[in-house]
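Please look through the sequence and the model below before reading on. The paragraphs that follow move from the whole chain to its interior and then to one pair of helices.

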Amino acid sequence: MRLLGGNGSPVIGALDRLTGGLLLAATGGGSELAVSLFDAKGELARLSGQLVSGLAERLSGLGRYERTERLQAAHSVIVMTAFFEVLHEVQLPFEIDELKLDRASQIASVTGHTESSARLRHLVGILATGPQPEYNVRMLDEVYAGFVDALIDFLKELAVWDRLNGQERDRLQSVLREQVPVRAVGRYEELLRRLAVDFPEVAFWTNRLQHNAIRVQLEELQTGLAGLGRLLDGIASERAPDDRRLALARGHQKLLDRPIVQSDPADEVVIPSLGAAYLNPHFRYGGVVASAPLDQESWWATLPVRDDFQGFLAGFLTSPQAADRPLLVLGQPGSGKSLFTKVMAARLPAADFLPVRVPLREVPADTDVQTQIEAAVRAATGERLSWPDVARSAAGALPVILFDGFDELLQATGIGQSDYLEQVARFQEREADQGRPVAVIVTSRTAVADRARIPFSKLAVVKLECFDAAQVAAWLTVWSDHNADQLAARGLRPLSPAAALAQSELARQPLLLLLLALYDAEDNGVSGAVEGLKETELYERVFRGFAQREVRKEHAALAGDRLDAAVEDELLRLSVTAFSMFVRGRQWVTEEELSADFAALGLERAGSPAEVGFHQPLTSAQLVAGRFFFVHRSAATVGARRLATLEFLHATFGEFLLSRLVARELAELAAVSALRSRRTTDDGFLAALLSFMPLTSRDSIVHRFLGDLVADLGADQRERICETVIDLLQQVDTREGWDRDGFGPAQTGLPYRCAAYSANLVLLAALSRPPVSARELFPNAREPVTEWRRQALLWRSQLSTDGWRGLTGTLRVERIRAGEVRDLSIGVAARWLPEPIDPLWTFDYLRNFRWVGWSRDHIEDLHRDSYFVCDAHTDVIWHALAPVVDGMDSVGQGTTRAFGTSNGEVRSTTHAFLELWCASSDPREPRLDDIYLSLPGLIQASRSADDEVGRQALFLRLLRQLAVDRFRLSAETRTELAHHFQHELPGDTWQRHPSARAWYVEAFGDLEGAPPWPPDGT
């Protein structure tokens, strides 16, 4: 209230007199509020309204954050005013005078009551906070309900409460609780709308944009955040910015007129400007988070998609929370995060804001946040300024720091920056403490969000969404408007939304949509193939087209085979770039790593001195990054070193390119092996690529690209590939030359290389000859299943958990017999589930016996073996079976004993009892007769003739369960089971197991002619 009216205002004086009791009660020193609570409520409402009225004049000329503080105060007044106005209007069920007290009674009832003091202090705390960006009616209803509860509790502590009878107390509480909160919320909405007429940002704070003119304006201005700029300009102060702010603003605004990507002057297309081509994104708001799984799409999918990005940003930047917590903006590669920071900085009016864009790839990465900001200011203006000087020069404008590329900071440096967001939050808190409030926005890829420690309750998060169909069409309209004349002159038609959306994976990411548009502008390669174009064909055309374009820039005269060879050379380098990332288990690779890999594979090619003048020649990695805009270069500076990483704008680019290289290398090896002795096949290049990571680590490689590329080859070619791969598989254990002169990650052991390479060879064999048998894979093995198990154990021991899981999830294994010999059929499947375990196949028994059983190992031996190996997957099974194995010896010991039945089925007693218990507890109540009838014979066969105690223990368990399930069995089944129990349970069983008689009577007592218990009739 002092913020709104000033210390000398008569309104403040009157309110001080009315609310002084509230402050005194909050400290336990008296209760002026209680003296005239109901008398004062009308006056308080009237005086509060006077504070808010005329606010526009009092806010004129204030800076952005000062204005925000006043509006926050006005909002707090509105919250309280609505409550007291409604309280004043509510008709109480008795005379108000009955609540008046003399001063002595009031003080006597309040003094020393710390509980009431705490309640009132809590109310004061509520009023001190402004609205959240997502303030909603439910939250406000809870606030008002809390007000009423505190008021009632306060009244209960007064002596007058004891004078009311029970009915009067109930009526008073009922009226207050039922009427006040609901009506107060309605009054609050009305007062808020009035305030928002003069101050549109208030409506954005609370997500209640009621002004049609503003809403229509934002809907019409859907590119370049133009609506945000116009809205903030309309409410900006009239203060003139100083030279420093103007210099920064000029630099930001110039970017709006530049192309969204740099194009070659010779290109026959017009790249739209940033201001025209940046389409305002849809987004999801994650709220204020502390421990949410921000990297998981499944978590984000639970939140609604919103299209009011400009309104959201306006509300955030003009709300009190802007200076209280950073805003993290997440998105996929190519979603426009960096463009967002450029457009945002350009749209903020210099009169009210001081935007500083900090590209984290261009500032020192091993310094603190303040030093990074100062480096960005110097790069933008050429002036070396300290941050406090810059902040003080804002003169009422709100500084907005845009940290672009937190993910790049992590991957380019590798120097533990997981606490970077905490550093940013601490910086923002320090600035607020120093009277220099600052808003902070940080951008990052969604995938690395799990690598950052989230400041507790100090971070708001949004995630940029992919384009929907309407946005794709809107962006293509902008593209067509800029290129209509150029396309028509060459006889081409604009790229249509239908043609683009046929390639939905690419079209829905802004930067990848640009890639499609650029490719289509060559010869309508996308527009002419709306139907029938496979994904691999599209990718082949796109990458070949871009590679051919780059080759012709340097060698315009090349044609025919020489042109094709040069194009293949470019694609080879792109494919090796993809492999350099893949073998390291990452979506990116450093320039140093990639250059070393090129050198190791004999592909190094640096720019000549003639091309670069006096500068140092470009490395092979730098040439790749410079030639293709879909290879994104991230950079950071650590000390005197400039660290850079490369990644593809979309993960599928790399996955296609490495799949393409594998398919081509296989075809070449197969062709060579058909001409030479297979034993002399040189697989050094293939082994270097495939001995670090199983291709099954990424589903897209196998199921989207490699499978299709191999399937497109001729049948004879695929057969030769399979034969070549199988020959190479036999040589894995003995081959030499694993260290291909430094290719791939260092310090990778030989067992791991053998495991990864052999797993990939088996996958390639299964792709080229689906399915392939274990006998074909291991033709020299006496037992192909044993050799398969040896290989599988090697894979499991060496591959990472994800690598092993990807392999077992992709290679579909079916247990078969070739005649009387066990074998395996191995194929490729996206999702597969194993068949039920057949002990006959497991233990290599034929189905030519009846009532034969065997025992492999003691259960303790199996448990010890698993515990010794420390295999997490097996531990899960053992933990689940522990109640059976540890606590039920009679059942658990049957785990390793399997028995065949007359119908050819093979089960253990443990399996049979678990089946019974699960079926018995099944709420669907399946039939149980067959399960019960199979158990007596299985129990008899599972125990030797002299193991009477073990056999009887199992029959007693069966009897106990039968007593529960008796009504789900037929009379015939129960009669047959009764005879089994008569035979297996001697008369003295009831003496050793007193409950047995009760179970028997419960199970069979209602059967006519049921054998008595005990069997001898005693």
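What percentage of the residues in the protein is buried? Buried residues, meaning those under 20% relative accessible area with a 1.4 Å probe and protein chains only, make up 53% of the 1018 residues. The model is a predicted one, in which local features need pLDDT of at least 70 and side-chain atom pairs count only at pLDDT 80 or more, while totals for chains, interfaces and linings use all residues. Residues are numbered from 1 along each chain as its sequence is written, and side-chain values use heavy atoms, with hydrogens and water left out.

The protein has 50 helices and 15 strands, which are DSSP runs numbered from the N terminus (H or I, at least four residues, for helices; E, at least two, for strands).

In the interior, the largest nonpolar core, a set of buried Ala, Val, Leu, Ile, Met, Phe, Trp, Tyr and Cys residues joined through side-chain atoms within 4.5 Å, holds 159 residues, of which M344, W475, F630, L777, W795 and I826 touch the most other members. Helix α37 (residues 750–768) gives the most to this core, with 13 residues. A second, separate core of 39 residues includes L328, V377, V440 and V442.

Elsewhere, the axes of helix α6 (residues 64–89) and helix α11 (residues 166–198), lines fitted to C-alpha atoms over the stretch in contact, with angles from 0 to 180 degrees between N-to-C directions, come within 8 Å and cross at roughly 145°. Among the residues that meet there, with heavy atoms within 4.5 Å, are I78 and F83 in α6 and L191 and L195 in α11.

Methods:
Buried means under 20% relative accessible area, exposed over 50%, partly exposed in between (1.4 Å probe, protein chains only).
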